[in-house]
Amino acid sequence: MKVVVIQGPNLNMLGIREQHIYGPMKLEQIHEQMKKFASDNGFEIEFFQSNLEGEIVDRIQECLGDADGIIINPAAYSHTSIAIRDALSAVQIPAIEVHISNIHAREDFRKHSLTAEVCAGVIAGVGPFGYHLAMVAMSQILNEIRAAREMQKQQNA
Ligand code: CA2
């Protein structure tokens, strides 16, 4: 089974600027930890970061028929992008949204996420550890999907 991790605009700057908000960890370090979790738990993982809304929409669409789960931090697009929300909704692949900061404790414009409403779950405010929690949640979801497929196979046999 495969999980695709999608990182939105400016997250490539993690660990370089604004460490008081987002901490000292670089995106590559976060991804290394996720890679280890995936290999320990027997699933494939791919990473994608873009600063462009359309590229994120394209990457979500490419998940169709290819990925079993999506972990996404749409960053600022969480609060503005109907296009990313529609793409997540269209592919019907379980997605977990991650926010490093607690968006509910920040400016009003960050408190609402258009994309979170079409995700299976949301994790916010626990720093980069949120990506680990998303992996734990996703592996649970994938196990449930696997078990449901097995059951279906047995019923069809
Ligand atoms: O808390 C999060 O993960 C956010 O998705 C991060 C976004 C922000 O617009 C959302 O409201 C909450 C911003 C990502 C920008 O990341 C930077 C990292 C280092 C330096 C500058 C920006």
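The structure contains an open sheet of five strands, ordered E2-E1-E3-E4-E5 and paired in parallel, where strands and helices are DSSP runs numbered from the N terminus, with at least two residues for a strand (E) and at least four for a helix (H or I), and where two strands pair if DSSP finds at least two bridges between them. The edge strands, each pairing on one side only, are strand E2 (44-49) and strand E5 (121-124). This is a predicted model, in which local features need pLDDT of at least 70 and side-chain atom pairs count only at pLDDT 80 or more, while totals for chains, interfaces and linings use all residues. Residues are numbered from 1 along each chain as its sequence is written, and side-chain values use heavy atoms, with hydrogens and water left out.

**Sheet geometry and pairing**

- Neighbouring strands of the sheet are turned against each other by 15 degrees on average, direction ignored; axes are lines fitted to C-alpha atoms, for helices over the stretch in contact, and angles run from 0 to 180 degrees between N-to-C directions.
- E1 pairs with strand E3 (residues 69-73) in the parallel sense over five bridges; Val3 stands opposite Gly69 in E3, and the bridge partner of Ile6 in E3 is Ile72.
- E3 and E4 also run parallel, joined by three bridges, and Ile70 has Ala95 in E4 as its bridge partner.

**Burial of E3 and E4**

- Five of the five residues of E3 are buried, so this strand is largely enclosed by the rest of the structure; buried means under 20% relative accessible area, exposed over 50% and partly exposed in between, with a 1.4 Å probe and protein chains only.
- From E3, Gly69, Ile71 and Asn73 point one way and Ile70 and Ile72 the other way, and all are buried.
- E4 is likewise mostly covered, with five of its five residues buried: Ala95, Glu97 and His99 point one way, whereas Ile96 and Val98 point the other way.

**Helix packing**

- H2 and H5 pack at an angle of about 25 degrees with their axes 10 Å apart, and they are therefore roughly parallel to each other, a description that applies to angles under 35 degrees.
- The crossing of H2 and H5 is right-handed, meaning that the near helix is turned clockwise from the far one by less than a right angle.
- In this packing, Ile30, Met34, Phe37 and Ala38 of H2 meet Tyr131, His132, Met135, Val136 and Ser139 of H5, contact being defined as heavy atoms within 4.5 Å.

**Nonpolar cores**

- The largest nonpolar core has 24 residues, of which Met34, Ile71, Tyr131 and Met135 touch the most other members; such a core is a set of buried Ala, Val, Leu, Ile, Met, Phe, Trp, Tyr and Cys residues joined through side-chain atoms within 4.5 Å.
- Strand E1 (2-7), helix H2 (27-40), strand E4 (95-99) and helix H5 (129-156) each supply at least two residues of this core, and H5 gives the most, with six residues.
- Apart from this core lies another, of 17 residues, among them Ile56, Ala67, Ala87 and Cys119.
- Not counting residues up to four places away in sequence, Met34 touches Val5, Ile45, Phe47, Ile71, Tyr131 and Met135.

Technical notes
Parallel < 35°, antiparallel > 145°, perpendicular 65-115°, else oblique.
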